[in-house]
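Visitor: Please take one part of this model, the pairing of strands and the packing against it, and go through it closely. Give the cut-offs for each term as it comes up.

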Amino acid sequence: MIDFKTIADNADLIINGYAFTKSGDYIRVLNLNRLNRALVFDYNQEVIETSMDDIEIQIVFDYYNKNKKYMEV
């Protein structure tokens with residue numbers, strides 16, 4: 001089972017239930033309300049792996065673009 005508390009504690013940024021975590025050359029995103037929804041993308045916003053639909057991916061990118069300055073990327 002996924003320990004979402006640990007993921008949330010280690011996240012670099014949490015926005016509206018999405019935990020953003022820097023991991024090397026990638027950013028990992030987990031929907032803390034639906035743990036089966038995840039996204040991995042690079043700093044050019046190229047999707048590497050996902051279980052999200054296109055609409056949710058766009059929502060995540062909107063959150064990321066408005067708040068990435070707080071992640072010190």
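Guide: Two strands pair if DSSP finds at least two bridges between them. Strands here are DSSP runs of E with at least two residues, helices are runs of H or I with at least four, and both are numbered from the N terminus. The model is predicted, so local features need pLDDT of at least 70 and side-chain atom pairs count only at pLDDT 80 or more, while totals for chains, interfaces and linings use all residues. Residues are numbered from 1 along each chain as its sequence is written, and side-chain values use heavy atoms, with hydrogens and water left out.

One position in the pairing is tyrosine 26, which stands opposite aspartate 42 in S4. Tyrosine 26 begins strand S3, which covers 26–31, and aspartate 42 ends strand S4, which covers 38–42. S3 and S4 run antiparallel and are joined by five bridges.

These two strands belong to an open sheet of five strands, ordered S1-S2-S3-S4-S5, with antiparallel pairing. At the edges stand S1 and strand S5 (47–50); each has a single partner strand, so one side of each has no neighbour in the sheet. On average, neighbouring strands are turned by 20° against each other, direction ignored. Along the chain, the elements run α-β-β-β-β-β-α from the N terminus on, which comes to two helices and five strands.

Two loops of the sheet hold residues with positive phi. Asparagine 16, in the loop between S1 and S2, has a phi of about 50° although it is not a glycine. Its relative accessible area is 58%, so asparagine 16 is exposed; the classes are buried under 20%, exposed over 50% and partly exposed in between (1.4 Å probe, protein chains only). In the loop between S4 and S5 sits glutamine 45, also not a glycine, with a positive phi of about 65°. Glutamine 45 is partly exposed at 23%.

The helix that packs on the sheet is H2. It lies across S1, S2, S3, S4 and S5 and runs at about 70° to S2; the axes are lines fitted to C-alpha atoms, for helices over the stretch in contact, and angles run from 0 to 180 degrees between N-to-C directions.

The packing can be followed through the largest nonpolar core, which has 14 residues. Such a core is a set of buried Ala, Val, Leu, Ile, Met, Phe, Trp, Tyr and Cys residues joined through side-chain atoms within 4.5 Å. Phe20, Ile27, Val29, Leu39, Phe41, Met52 and Val60 have the most contacts inside it. Strands S1 (13–15), S2 (18–23), S3 and S4 each supply at least two residues, as does helix H2 (54–67). H2 gives the most, with four residues.

Methionine 52 shows how these parts meet. Neighbours within four places in sequence aside, it is in contact (heavy atoms within 4.5 Å) with Tyr18, Val29, Arg37, Ala38, Leu39, Ile57 and Val60.

Aromatic rings give a second view of S2 against H2. The whole structure has four aromatic pairs, counting rings of Phe, Tyr and Trp (its six-membered ring) with centres within 6.5 Å; planes under 30 degrees apart are stacked, over 60 edge-to-face, and the rest tilted. The rings of tyrosine 18 and tyrosine 63 have centres 5.9 Å apart and planes at 50°, so this pair is tilted. It links distant parts of the chain, since tyrosine 18 is in S2 and tyrosine 63 is in H2, 45 residues apart. Tyrosine 18 has a relative accessible area of 9% and is therefore buried.

Phenylalanine 20 and tyrosine 64 form a stacked pair, 6.4 Å centre to centre with 20° between the planes. This pair also joins S2, which holds phenylalanine 20, to H2, which holds tyrosine 64, across 44 residues. Both residues are buried. Phe20 and Tyr64 belong to one aromatic cluster with Phe41 and Phe61.

For the chain as a whole, buried residues make up 34% of the 73 residues. Among contacts with a separation of 6 or more, 25% are between residues 24 or more positions apart.
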